[in-house]
Amino acid sequence: MSSANDVTVSGDPQGAGTDYLLRVIDEIEKIPQIKKYRKKSYDFLEPLTGKSFLDAGCGSGSALCELASLGGNTSQMHGLDIRRGLLEEAARRAETARVKIRLTQGSVADLPFDSENFDGIRCERTVSHLQSPIAVIKEFVRVLKPAGKLVVIDVDADTAFISPGNLNVTRRMVSSLADNGMSLTVGRDLPGLFKMCGLVDISAESFVIPHSYELFKSLYEKTVLEAISREGSASEVGVWWEALKEADDAGLFFMGVTATLVSGTKGLPS
Ligand SMILES: C[S@@+](CC[C@H](N)C(=O)[O-])C[C@H]1O[C@@H](n2cnc3c(N)ncnc32)[C@H](O)[C@@H]1O
């Protein structure tokens with residue numbers, strides 16, 4: 001484990017792509033709805049002083065730095081991510097923001113922390129990257145102290161709406177986004193997963209994350225191309241894609257996806 005603002009890591013299991021990820025992470029956090037629900041996640045974790053928190057899948061560390069700043073550096077703020085490059089960026093951002101954070105490289109599926117360690121955990125748009133969301137929520141519950149708080153924000157890609165475009169092709173593309181081997185529909189399952197993992201006082205609030213054409217393209221172009229090669233309908237999808245570009249040039253592109261913020265508390269031992 002690492003000490004304040006140090007990153008003790010050993011290689012990056014996923015290698016390249018940190019620059020791309022950082023660009024996308026920075027773009028998404030400019031979206032007003034993301035700012036609003038991030039703030040709600042901080043509010044849920046209050047009081048932020050004198051306690052121990054984990055931002056699981058902390059990415060660039062910007063939410064973690066905000067939390068540390070809100071806690072006036074009186075709390076232990078831990079960030080965990082699987083990517084070394086992102087943790088290094090988080091350490092740089094903490095230096096710039098003059099906040100103390102602790103960073104650990106590891107997986108949310110197998111947290112390198114003792115049980116009953118944290119007063120609060122937040123996890124934003126990371127559970128959807130795992131194949132077994134229930135295993136991740138169980139891990140969060142394990143490392144939470146009794147009465148500790150968990151807040152998770154994640155998407156349901158199968159709810160994406162995209163305009164304009166041929167509705168049949170759009171439906172197939174949306175399904176291919178949602179079925180890409182991760183858990184991109186987990187947003188709808190989170191309340192049930194919290195309950196199955198024994199959390200109490202569960203509350204859920206859904207919202208829409210609007211995407212610009214550029215963000216939509218950076219996030220989903222690869223998945224759409226894979227869908228084309230699977231379905232052998234390149235020309236149809238090519239036309240669909242081109243129509244979206246033209247719509248964007250004319251100021252007519254509109255796309256969004258539902259996300260849900262779910263919060264709950266670990267019960268006290270009986
Ligand atoms: C969409 S980004 C979100 C980052 C950050 N939570 C935010 O809201 O900006 C997903 C993050 O999950 C991390 N991640 C993916 N799989 C992970 C795993 N198994 N364990 C820990 N982090 C993981 C990625 O490296 C990335 O930082």
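Here is a short tour of one predicted protein model, from its overall build down to a few odd spots in the backbone.

**The big picture**

The chain has nine helices and eight strands. Laid along its principal axes, the C-alpha trace spans about 55 × 40 × 30 Å. Is that in line with a compact globule? What radius of gyration would such a globule of 270 residues have? The value would be near 18 Å, and the chain comes in at 19 Å, which agrees. Contacts often reach a long way along the sequence: among those between residues at least 6 apart, 80% join residues at least 24 apart. As for burial, 36% of the 270 residues count as buried.

How far can you trust the picture? Mean pLDDT for the chain is 90, and 91% of the residues get to 70 or more. The start of the chain is another story, with pLDDT under 50 over residues 1-16. The model does have 31 contacts beyond four places in sequence for that stretch, but low pLDDT means that predicted coordinates should not be read in detail.

**Inside the protein**

In soluble globular proteins, nonpolar side chains tend to be buried together. Here the largest nonpolar core holds 61 residues, and Leu64, Ala90, Ile101, Ile121, Phe140 and Val152 touch the most other members. Strand 6 (residues 144-163) gives this core its largest share, nine residues. Take Phe140 as an example: leaving out residues up to four places away in sequence, Phe140 touches Ala56, Ile121, Cys123 and Leu150.

Leu64, one of those well-connected core members, sits in helix 3 (residues 62-70), where Ala63, Leu64, Cys65, Leu67 and Ala68 are buried. What do the buried residues of helix 3 pack against? Their partners are helix 2 (32-45), strand 2 (52-56), strand 3 (76-81), helix 4 (84-97) and strand 5 (118-124). After helix 3 comes Gly72, with a positive phi near 60 degrees.

Further along, Val237 lies in helix 9 (residues 234-249). Is Val237 buried or exposed? Val237 has 20 other C-beta atoms within 10 Å, so it counts as buried. Its C-alpha atom is separated by 8.5 Å from that of Met173, although the two are 64 residues apart along the chain.

**Around the ligand**

The ligand is surrounded by 18 residues, and the closest are Gly57, Gly59, Ser107, Glu124 and Thr126. By type, the shell is a mix of eight nonpolar, five polar and five charged residues.

**Backbone oddities**

Most residues other than glycine have a negative phi, and most peptide bonds are trans. These spots go the other way:

| Spot | Feature | Value |
|---|---|---|
| Glu46 and Pro47 | cis peptide bond | omega about -5 degrees |
| Ser163 and Pro164 | cis peptide bond | omega about 0 degrees |
| Arg125 | positive phi | near 50 degrees |
| Asp201 | positive phi | near 50 degrees |

Where do these turn up? Pro47 is in the loop between helix 2 and strand 2, while Pro164 is in the loop between strand 6 and helix 6 (167-178). Arg125 belongs to the loop between strand 5 and helix 5 (133-143), whereas Asp201 is part of strand 7 (residues 199-211). Their surroundings can be compared too. Arg125 is partly exposed because 19 other C-beta atoms lie within 10 Å. Asp201 has 11 C-beta neighbours inside 10 Å, so Asp201 counts as exposed.

Terms used:
Residues numbered from 1 in each chain as written. Core = buried A, V, L, I, M, F, W, Y, C linked by C-beta atoms within 7 Å. Buried ≥ 20, exposed ≤ 12 C-beta atoms within 10 Å, placed from the backbone. Helix = DSSP H or I, 4+ residues; strand = E, 2+ residues; numbered from the N terminus. Contact = placed C-beta atoms within 7 Å. Near = placed C-beta within 6 Å. Nonpolar A, V, L, I, M, F, W, Y, C, P; charged D, E, K, R; others polar. pLDDT = per-residue confidence, 0-100. Rg over C-alpha atoms; globule rule 2.2 N^0.38 Å.
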